[in-house]
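Student: I'd like to go through this protein step by step. Could you help me reason from the coordinates?

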Amino acid sequence: MEIIKFIREQVAMTERPAFKAGDNVSVHYKIIEGGKERIQVFRGDVIQIKGTPKTHTCTFTVRKISGGIGVERIFPLYSPNIDKIEVNKVGKVRRARLYYLRAAKGKAARIKEKKFFSKTS
């Protein structure tokens, strides 16, 4: 019982940035090979978020094009192996699940970037 409480506290302490489908993110993921540990960066577009971000079962799928081939990876949001998540671009999309990107090629596979205007006086 105490172990479960400890794990929930540790997971709750890790703050994650707010992102949604269509955003371009870099996920810094810890990989342990034998006795060595390294961090691998997976950069791509978020095509879906499953579950509520407040629950510990929430996952998100990131898609990138590597060598002309689409690669998708599913990450648990509160995984202890995720070092950090950086939001590179905020996308302008009208859907929560962007499965249509799997069939799109070239310019059709791009996501428009949301523009932010600052007030200048």
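What follows is a short conversation about the fold, four residues and a pocket.

Tutor: Happy to. This is a predicted model, where local features need pLDDT of at least 70, side-chain atom pairs count only at pLDDT 80 or more, and totals for chains, interfaces and linings use all residues. Residues are numbered from 1 along each chain as its sequence is written, and side-chain values use heavy atoms, with hydrogens and water left out.

Student: In what order do the elements of the protein run from the N terminus on?

Tutor: Helices (H or I, at least four residues) and strands (E, at least two) are DSSP runs, numbered from the N terminus. The protein has 1 helix and 5 strands. Read from the N terminus, the order is α-β-β-β-β-β.

Student: What percentage of the 121 residues counts as buried?

Tutor: Buried means under 20% relative accessible area, exposed over 50%, and partly exposed in between, with a 1.4 Å probe and protein chains only. The C-alpha trace spans about 50 × 45 × 30 Å along its principal axes. Of the 121 residues, the buried portion is 27%.

Student: Is Phe-60 buried or exposed?

Tutor: Phe-60 belongs to strand S3. Taking contact to mean heavy atoms within 4.5 Å, and not counting residues up to four places away in sequence, Phe-60 touches several residues, including Phe-19, Val-27, Ile-49, Arg-73 and Ile-85. The C-alpha atoms of Phe-60 and Arg-73 are separated by 8.4 Å, with their positions 13 residues apart along the chain. Because its relative accessible area is 1%, Phe-60 is buried.

Student: And what is the relative accessibility of His-28?

Tutor: His-28 sits in strand S1 (residues 24–33). Leaving aside neighbours within four places in sequence, His-28 is in contact with residues including Ile-39, Val-41, Asn-81 and Asp-83. His-28 counts as buried, because its relative accessibility is 13%.

Student: Which residue has its backbone oxygen 2.8 Å from a polar atom of the side chain of Thr-55?

Tutor: Start with the setting: Thr-55 is in the loop between S2 and S3. Thr-55 is partly exposed, because its relative accessible area is 31%. The backbone oxygen at 2.8 Å from a polar atom of the Thr-55 side chain is that of Thr-52.

Student: Now the largest pocket. Which element gives the largest share of its lining?

Tutor: On a 1 Å grid over the protein atoms alone, a pocket is an open set of points where a 1.4 Å probe fits, with protein on both sides within 12 Å along at least five of seven lines; lining residues have an atom within 4 Å of a point. The lining is made up of Asn-24, Gly-44, Asp-45, Arg-63, Lys-64, Ile-65, Leu-101 and Ala-109. Two elements give two or more residues to it, strand S2 (36–50) and strand S3 (59–66). With 3 residues, the largest share comes from S3.

Student: How much space lies in the largest pocket?

Tutor: A volume is the space filled by probe spheres set on the points, with grid points joined across faces, edges and corners. For the largest pocket, that space is about 150 Å³.

Student: One of the lining residues is Leu-101. What is its relative accessibility?

Tutor: Leu-101 lies in the segment after strand S5 (82–89). Apart from neighbours within four places in sequence, Leu-101 is in contact with Ile-47, Arg-63, Ala-108, Ala-109 and Ile-111. Leu-101 counts as buried, because its relative accessibility is 5%.

Notes:
Polar contact = N/O pair within 3.5 Å; in protein donor to acceptor, adjacent residues only side chain to side chain.
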